[in-house]
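Me: I want to walk through this fold from the atoms up. Please keep the answers short.

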Amino acid sequence: MDLAYTKAEEEFRGRLREWLAAVLPGLPAKPSPDDWPARRAYDTTWQRMLYDAGYAGLHWPVDAGGRGATPTQHLIFLEETEKAGAPYVGANFVGLLHAGPTVAAEGTAEQRARWLPPVLRGDEVWCQGFSEPDAGSDLAALRTRAVRDGDDYVISGSKIWTSHAEVADWCELLVRTDPKAPKHRGISWLAMPMDAPGITVRPLRTLAGSTEFAEMFLDEVRVPVRNRVGAENDGWRVTMVTLSFERGTAFVGEVVACRRTLDVLADEARSNGRWDDPVLRRRLGRLNAELRSLWRLTEWNVSESQRTGGVPGIGGSVFKLRYSGVRQELYEAAAEVLGADAFDMDREWVLDRLSSLSYTIAAGTSQIQRNIVAERILGLPKGR
């Protein structure tokens, strides 16, 4: 494991800092959380700025439209943009962090040429159609059917927790193409255009009041066979590539954000008198150690990814499992520091506390992550 930064990497950090300092003051105000068309416009505008400056798809392969930067340079990019308070990927989340890297790793030359440049430019937004009402943690139990009809698949079924479906142009969709095969072997990964006839999207309002998720109903939706990534019925393997990106690097910037939140939280405790409580101080100190350890684990995962061709490994499950718990503990500590203000929805951190409750479920439940760690890292026998 090599955690030292090279001279070239530090020079890259310096140039990035200079660019961020120059462009961030000129950004418009963030739109209302409820105005999704405005949020899409804000997020895609920022993505276009990154593209024009040469920072879009930084670690993607050059033949996929990226810069071919090392995973370490990508880590530096995530760290510095978060520290500077730059916009998050927002509505571009699925395209940039899930679907795009999957197409880059598994797609044909034609698929790469069609889908990756618009993602990098911010021209097209993707959503994720994986989970179903009866296939959440047990994702391989999905039942959305895709029946071959000439050059198309005809798809019927439903999806839930479809991220950014309201404003998406494309959906990374898992479908069952062979209902007679074992459940992990009859799945295919498709790219579905969201303007295809037969798609109904119904937004879901979360505990925090946001609607970034939706139900999606598919009624004989036709998707060209050429939109399949990977071989027919090989979608579970392709999905593991997608999930390795989701669990391996998608949360890296959030660790930096949590470290910054912890610093602000400590300042708040000092100003309102709660810093005098030794139990609270120990709690904040332990969280500081946890977040520093997670950052080191991130560096280890990046170093490992660099040796294995850029696709994150199963170490991402270790990171995701612990990060989910630490994030919840951080915002529980924030509630302790805020006291009665923890119920004021206009206060900083309150909405973050509510959203943190989902982290032990999103991107694979903590129970699933423990199974992966036990079986695929520790080599323990499968549970019965």
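Reply: One definition first: a contact means heavy atoms within 4.5 Å. Keep in mind that this is a predicted model.

Me: Among contacts with a separation of 6 or more, what share comes from residues 24 or more positions apart?
Reply: Take the contacts in the chain whose partners have a separation of 6 or more. Then keep those whose residues lie 24 or more positions apart. Their share is 72%.

Me: How many helices and strands does the chain have, and what percentage of its residues count as buried?
Reply: The secondary structure comes to 11 helices and 8 strands. Buried means under 20% relative accessible area. Of the 384 residues, the buried share is 51%.

Me: What part of the accessible surface belongs to carbon and sulfur atoms?
Reply: The accessible surface of the chain comes to about 18,000 Å². The part belonging to carbon and sulfur atoms is 52%.

Me: Which helix gives the most residues to the largest nonpolar core?
Reply: The largest nonpolar core has 67 residues. Those with the most contacts inside it include W19, W46, Y55, F77 and W126. The helix that gives the most to this core spans residues 315-338 and supplies 8 residues: α9.

Me: How many residues are in the second, separate core?
Reply: Y153, M194, A214 and V221 are included in this second core. Its count is 24 residues.

Me: Leaving aside neighbours within four places in sequence, which residues is F77 in contact with?
Reply: F77 is among the residues with the most contacts inside the largest core. With neighbours within four places set aside, its partners are F12, L16, L50, Y55 and L58.

Me: Where do the buried residues of α1 lie around the axis, and against what do they pack?
Reply: The buried residues of α1 are E9, F12, R13, L16, W19, L20 and V23. They cover an arc of only 130° around the axis, so they are on the same side of α1. The face turned away from that side carries the exposed residues K7, E18, A21 and A22. The buried residues pack against α2 (36-53) and α3.

Me: How far apart are the end C-alpha atoms of α1, and what span should its residues give?
Reply: Helix α1 covers residues 7-23, which is 17 residues. At 1.5 Å a residue, they should span 24 Å. That agrees with the distance between the end C-alpha atoms, 25 Å.

Me: Why are K83 and E79 separated by about one helical turn?
Reply: An α-helix has 3.6 residues a turn, so residues three or four places apart point the same way. K83 and E79 meet in a salt bridge at 3.2 Å, N to O. K83 is partly exposed at 48% relative accessibility, whereas E79 is buried at 9%. Both sit in helix α3 (residues 71-83), and their separation there is 4 residues.

Me: Which residues are linked with K83 and E79 in a network of salt bridges?
Reply: A search of the whole structure finds 25 salt bridges. Some of them form a network that holds K83 and E79. The other members are E10, R13, R17 and E80.

Me: How many residues apart are R237 and E106?
Reply: The side chains of R237 and E106 meet in a salt bridge of 3.0 Å, N to O. R237 is in helix α6 (residues 235-248) and E106 in helix α4 (residues 93-106), so the pair links distant parts of the chain. R237 is partly exposed at 39%, and E106 is partly exposed at 23%. The pair is 131 residues apart.

Me: Which helices hold E336 and R283?
Reply: These side chains meet in a salt bridge of 2.5 Å, N to O. E336 is partly exposed at 31%, and R283 is partly exposed at 24%. The two are 53 residues apart, E336 in α9 and R283 in α8.

Me: Is W161, with its positive phi, buried, partly exposed or exposed?
Reply: W161 has a positive phi of about 60° although it is not a glycine. The residue lies in the loop between β3 (152-159) and β4 (170-176). Its relative accessible area is 47%, which counts as partly exposed.

Me: Where is E220, and what is its relative accessibility?
Reply: E220 also has a positive phi, about 55°, although it is not a glycine. Its place is in strand β7 (residues 213-224). E220 counts as exposed, with a relative accessibility of 56%.

Conventions. Residues numbered from 1 in each chain as written. Predicted model: local features only at pLDDT ≥ 70, side-chain atom pairs only at ≥ 80, totals over all residues. Heavy atoms only, no water. Core = buried A, V, L, I, M, F, W, Y, C linked by side-chain atoms within 4.5 Å. Buried < 20%, exposed > 50% of the residue type's maximum accessible area, 1.4 Å probe, protein only. Areas by Shrake-Rupley, 256 points an atom, 1.4 Å probe, with all protein chains shown as cover. Salt bridge = Lys/Arg side-chain N within 4 Å of Asp/Glu carboxyl O. Expected span 1.5 Å × (residues − 1). Arc of directions from axis to C-beta.
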